[in-house]
Structures are given as C-alpha cells and as structure tokens.
Amino acid sequence: MDRDDRVETLSEAECLQLLGTVPLGRVVYTEHALPAVLPVAFRVAADGRLILALRTGTRVARALDGTVAAFQVDDFDRTGRCGWSVLVHGRAEVVRDAGERAALRAGGLRPWVPEPGPEYVAISPELVSGRRILPDATRPARPAPALPGRPA
C-alpha cells in the first residue's frame, strides 16, 4: 500500500508549468448526456489558454463549444511507480478568428489524426489542480513489462 507521504499537492504555478511539458492530453466533455474522454494534441498559448487541435467536422468541437470542460495531462514512470497529474477545468470555445487559426496552423499545432484538417478549441483555465506521486524508496526497482507489439 502506498504511503500518504508519497503524494504531494502541486501549486497552481507548478501545474501550469507542467502543462507545457507534454504534447498530448485528455479532454473530458459531455456527449449525449454521458461523460466522454478524448486524447488530443494541444498547446499552452501565451495567454494561458489551452488550445486543443481536433479533426475538422467531428462532433467534439460542437460538444465543447460554450461549455465547461475538463482537461487532464500526466506523466508517469511505470518502473518507479511515480509521476504527476494535472487537471484543468474551464470554459471551452471554438477558435473562430481566422488570423488565430492561421497562426496555430502555421505554428504546427495539428491533431494526431490530421485529416480532414485542424479545428481548434480553446479552454480558459479556471480551476487548476495537480499532484505528484514521489518514488517509493522501499520498493525495489523492476523493469516495466513489455507492451504487446513493442520490444522489451
């Protein structure tokens, strides 16, 4: 069982700094009155908004537009059983400004499945929280198991 002293609450500043260190996160939204989660490419804009890159024409952008959504990112060391997680809640809006969309495209922000082209949604962070799980010094390190289809 993990000890409580291995779990550390992150400050909002630490959370915002960690957001920019990974290229993929998960957006949580409502679809047909049920929670839905989708991995998406994103970037932290200079003004602090999270800009999500979605495929054009999907229902996701319409479902997010004008709603409160959650966005989660993390990074973990499977062998050491440690890592961090950041959760952001905020209002989501489709990026409609043609100049901003062109700048995002020119800056290389693309969905992981790029066709039929990018559509962007911005989330303005309102609630930001996170935690870090520190390495367990009492547990001997073991190699992570190989994933199916990947070499060990």
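Hi everyone, let me start with one contact: the side chain of R6 reaches the backbone oxygen of R81 at 2.7 Å. Before I go on, please keep in mind that this is a predicted model.

So where does R6 sit? R6 belongs to the segment before β1, which covers residues 7-9. Is R6 buried or exposed? R6 is buried, with a relative accessible area of 2%. If we set aside neighbours within four places in sequence, R6 is in contact with G80, R81, R132, I133, L134, P135 and D136. One of those partners, R132, turns up again in a network of salt bridges that links R132 with E8 and E14.

Now let me step back to the whole chain. The chain has 152 residues, and 32% of them count as buried. Its secondary structure comes to 3 helices and 7 strands. Reading from the N terminus, the order is β-α-β-β-β-α-β-β-α-β. Here is a number for those of you who like contact maps: among contacts with a separation of 6 or more, 69% are between residues 24 or more positions apart. As for the surface, the accessible area of the chain is about 9300 Å², and carbon and sulfur atoms hold 56% of that.

On to the charges. Side chains of opposite charge can pair when their charged atoms come close. How many salt bridges does a search of the whole structure find? The search finds 7.

Let me show you a few of them. R26 and D74 form a salt bridge, with the closest N and O atoms 2.3 Å apart. This pair links distant parts of the chain, since R26 is in strand β2 (residues 24-31) and D74 is in strand β5 (residues 68-77), 48 residues apart. In terms of accessibility, R26 is partly exposed at 29%, and D74 also counts as partly exposed, at 23%.

Then have a look at R49, please. The side chain of R49 meets that of D47 in a salt bridge, 2.8 Å from N to O. D47 counts as exposed, with 53% relative accessibility. R49 also forms a salt bridge with E100, and there the closest N and O atoms are 2.4 Å apart. What does that pair tie together? E100 lies in helix α3 (residues 98-106), while R49 is in the loop between β3 (34-44) and β4 (50-55), so the bridge joins parts that are 51 residues apart in sequence. E100 counts as partly exposed, at 25% relative accessibility.

While we are at α3, let me mention both of its ends. At the start of α3, a side-chain oxygen of D97 comes to within 3.2 Å of the backbone nitrogen of G99. After α3 comes G108, which has a positive phi, near 90°.

Next, the inside. The largest nonpolar core has 27 residues, and those with the most contacts inside it are V27, L52, L64, F71, V73, V86 and I123. Which elements give two or more residues to this core? They are α1 (12-19), β2, β3, β4, α2 (59-64), β5, β6 (82-94) and β7 (118-133). The largest share, 5 residues, comes from β6.

V27 is a good residue to click on here. Leaving out neighbours within four places in sequence, V27 is in contact with A36, V37, L38, V40, L52, L64, A69, A70, F71 and I123. There is also a second, separate core of 9 residues, including A41, A53, L104 and Y120.

Staying with β6 for a moment, L87 is placed in that strand. L87 is partly exposed, with a relative accessible area of 29%. Not counting residues up to four places away in sequence, L87 touches A70, F71, Q72, L127, V128 and S129. For a longer-range distance, the C-alpha atoms of L87 and G25 are separated by 9.9 Å, with their positions 62 residues apart along the chain.

Last stop, the outside. L24, W112 and V113 make a nonpolar surface patch of about 310 Å². W112 lies in the loop between α3 and β7, and W112 is exposed, with a relative accessible area of 59%.

That's my tour, so thank you all for listening!

Terms used. Residues numbered from 1 in each chain as written. Predicted model: local features only at pLDDT ≥ 70, side-chain atom pairs only at ≥ 80, totals over all residues. Heavy atoms only, no water. Salt bridge = Lys/Arg side-chain N within 4 Å of Asp/Glu carboxyl O. Helix = DSSP H or I, 4+ residues; strand = E, 2+ residues; numbered from the N terminus. Buried < 20%, exposed > 50% of the residue type's maximum accessible area, 1.4 Å probe, protein only. Polar contact = N/O pair within 3.5 Å; in protein donor to acceptor, adjacent residues only side chain to side chain. Core = buried A, V, L, I, M, F, W, Y, C linked by side-chain atoms within 4.5 Å. Contact = heavy atoms within 4.5 Å. Patch = residues over 30% accessible without salt bridge, like charges linked within 9 Å, V, L, I, M, F, W, Y side chains within 5 Å. Areas by Shrake-Rupley, 256 points an atom, 1.4 Å probe, with all protein chains shown as cover.
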